[in-house]
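Student: Give me a close look at the largest pocket and what lines it. Then take me out to the rest of the fold.

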Amino acid sequence: MDVVEELGAALGCDDPAVLRVGPGHRRLVVPDRHGDAFTVDVLGDNRSEDRPAHRVVHLLPGGGLNVAANYCTAQGRSLARFLADHGYLVIGTTPREDALTADGIGPRCADWGLDGHRADLERVVTAAGSVTGLPYDLLGHSAGAALALATAAARSGDDALRRVLVLDTTGPYDPRTEPDLVARAEALTDLLDQQLAAGVTTVDPGLKGLFARAATDPDGPSGLPRPAGRAGQFSNLGLLHYALTRTPELPGPANWIHHRGHSDGDYVFGATPADDRFGLTHTPLPVWREAIARLGSGLQPTALLRDLAALWAGRTDTHRIDWAAIRADVVWVNAESGRGDHDLGARLVRAGGARVDYRVVPGYGHGDVVWSATAERDVWESLLPRP
């Protein structure tokens, strides 16, 4: 067996059948005893004779995303391919909610918080270690970055874990300097707890629907009035751009965590909706379309959002990361227009003794750190190990 087949066997797949996704890119489906499954994507091969991999990197996608959308989509070379080209064996774990169907949503989804996601990731990390014997890094974007940090804290005694690579996520807000943000995060934690108690176990962020309507009827009315008393409704395409570039200004319980938007860009109102002018600065709309088209359900577990909100609020009674327990080096890159400059999490990790490289990329939105045409230069190169 090759490395992917051995990984499938180590993960307990009854028949480690391998789906070939693309050149040098294969996928395993990992079932569990409850009938659910998550997928594991692998790029590169640590047994290549001409250029063997020197380290594993585990890719953890953001909420509602999967590995293919988050890390294998790009205008040119994707982040996953970039890492494989730099000697990594790339292993990406897509969470089980990606495979949900409408009739599959049920009470078991209430357990799919950060701890549930970490349990699946732990299986993959352990299996990869047994198969490859290589040291590894954890790389996460958004919710995946919070999962990477939580996993690093739980595995603080694992010498094989070398680095945690964090792309645009929110740690705890500082209660001394950001009390209003702490209060909003506390209110969101309570709201999501109430939804869980009422049996609401998943949340649809709505991006799939926005992209679908913008593709089929771009100039049609969206049903949402333009703000500040302006006449008419957004067009479907206009609303999509507004949602991407002015995210906090639209309804949504967690939209406020973005400083400006999912993607950096401009939106200038005209006299009528047809006169509105808009565009994206870094990530072309076709790249966004490709990423969204690769999604499965696009749903986010309510429990996962609740745990994230608790982290932002510092509500350790709901969910806690032992920041000081993280021993691996941390490279933390936030986006100015995305999650912005909130560095308490990085400071807490550094206070525990770990080395932390924290910075904010000017002019980037939340998704631009993985999809921008210039992300390789502005972000990804800083993720590579230093000589």
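Tutor: Helices (H or I, at least four residues) and strands (E, at least two) are DSSP runs, numbered from the N terminus. This is a predicted model, so local features need pLDDT of at least 70 and side-chain atom pairs pLDDT 80 or more, while totals for chains, interfaces and linings use all residues. Residues count from 1 along each chain as its sequence is written, and side-chain values use heavy atoms, without hydrogens or water.

Start with the pocket. A pocket is an open set of points on a 1 Å grid over the protein atoms alone, with protein on both sides within 12 Å along at least five of seven lines. The largest pocket has a volume of about 890 Å³, the space filled by probe spheres set on points joined across faces, edges and corners. Its lining counts 41 residues, each with an atom within 4 Å of a point. Closest to the centre of the largest pocket are P205, L207, N255, H262 and Q300.

Five elements each supply at least two residues of that lining: α7 (207-216), β9 (221-225), α8 (236-245), α9 and α10 (302-313). Four helices and one strand are named there. The largest share comes from α7, with four residues. By class, the lining of the largest pocket splits into 21 nonpolar, 16 polar and four charged residues. Nonpolar here means Ala, Val, Leu, Ile, Met, Phe, Trp, Tyr, Cys and Pro; charged means Asp, Glu, Lys and Arg; the others, Gly among them, are polar.

Now take β9, the strand in that list. None of its five residues is buried (under 20% relative accessible area, 1.4 Å probe, protein chains only), so β9 lies largely in the open. Its partner is β10 (residues 233-235). The two strands run antiparallel and share two bridges; at least two are needed for a pair. Across that pairing, P221 stands opposite S235 in β10.

Helix α9 (residues 285-293) carries R289. This arginine is partly exposed because its relative accessible area is 38%, between the 20% limit and the 50% above which a residue is exposed. Beyond its neighbours within four places in sequence, R289 is in contact (heavy atoms within 4.5 Å) with F211 and L237. From D2, 287 residues away along the chain, R289 is separated by 34 Å between C-alpha atoms.

D276 sits in the loop between β11 (265-268) and β12 (277-280). With 4% relative accessible area, D276 is buried. Residues up to four places away in sequence aside, D276 touches R226, Y267, V268, F269 and G270.

Turn to the enclosed space. A cavity is a set of points where a 1.4 Å probe fits but cannot get out. The structure holds one cavity of 30 Å³ or more. The largest cavity takes up about 160 Å³. Of its 19 lining residues, P61, T93, P95, H117 and L147 come closest to the centre. Two or more lining residues come from each of β5 (88-94), α4 (114-132) and α5 (143-154). Helix α4 gives the most to this lining, with four residues. The classes in the lining of the largest cavity are nine nonpolar, seven polar and three charged.

One of those cavity elements, β5, leads into the sheet. Nine strands form an open, mixed sheet in the order β1-β2-β3-β5-β4-β6-β7-β14-β15. Its edges are β1 (19-22) and β15 (356-361), each paired on one side only. From one strand to the next, the twist averages 20 degrees. Strand β3 (residues 37-43) runs antiparallel to β5 and joins it through five bridges. In that pair, D41 faces G92 of β5. Helix α11 (residues 344-351) packs on the sheet and touches β14 (329-335) and β15. The directions of α11 and β15 make about 165 degrees, on axes fitted to C-alpha atoms (for helices, over the stretch in contact) and a scale from 0 to 180 degrees between N-to-C directions.

Two loops leave strands of this sheet with unusual backbone angles to inspect. S142 lies between β6 (136-141) and α5. Its phi is positive, about 60 degrees, although S142 is not a glycine. At 9% relative accessible area, S142 is buried. D168 lies in the loop between β7 (161-167) and α6 (179-197). Its phi, near 45 degrees, is also positive in a residue other than glycine. D168 is buried too, at 0% relative accessibility.
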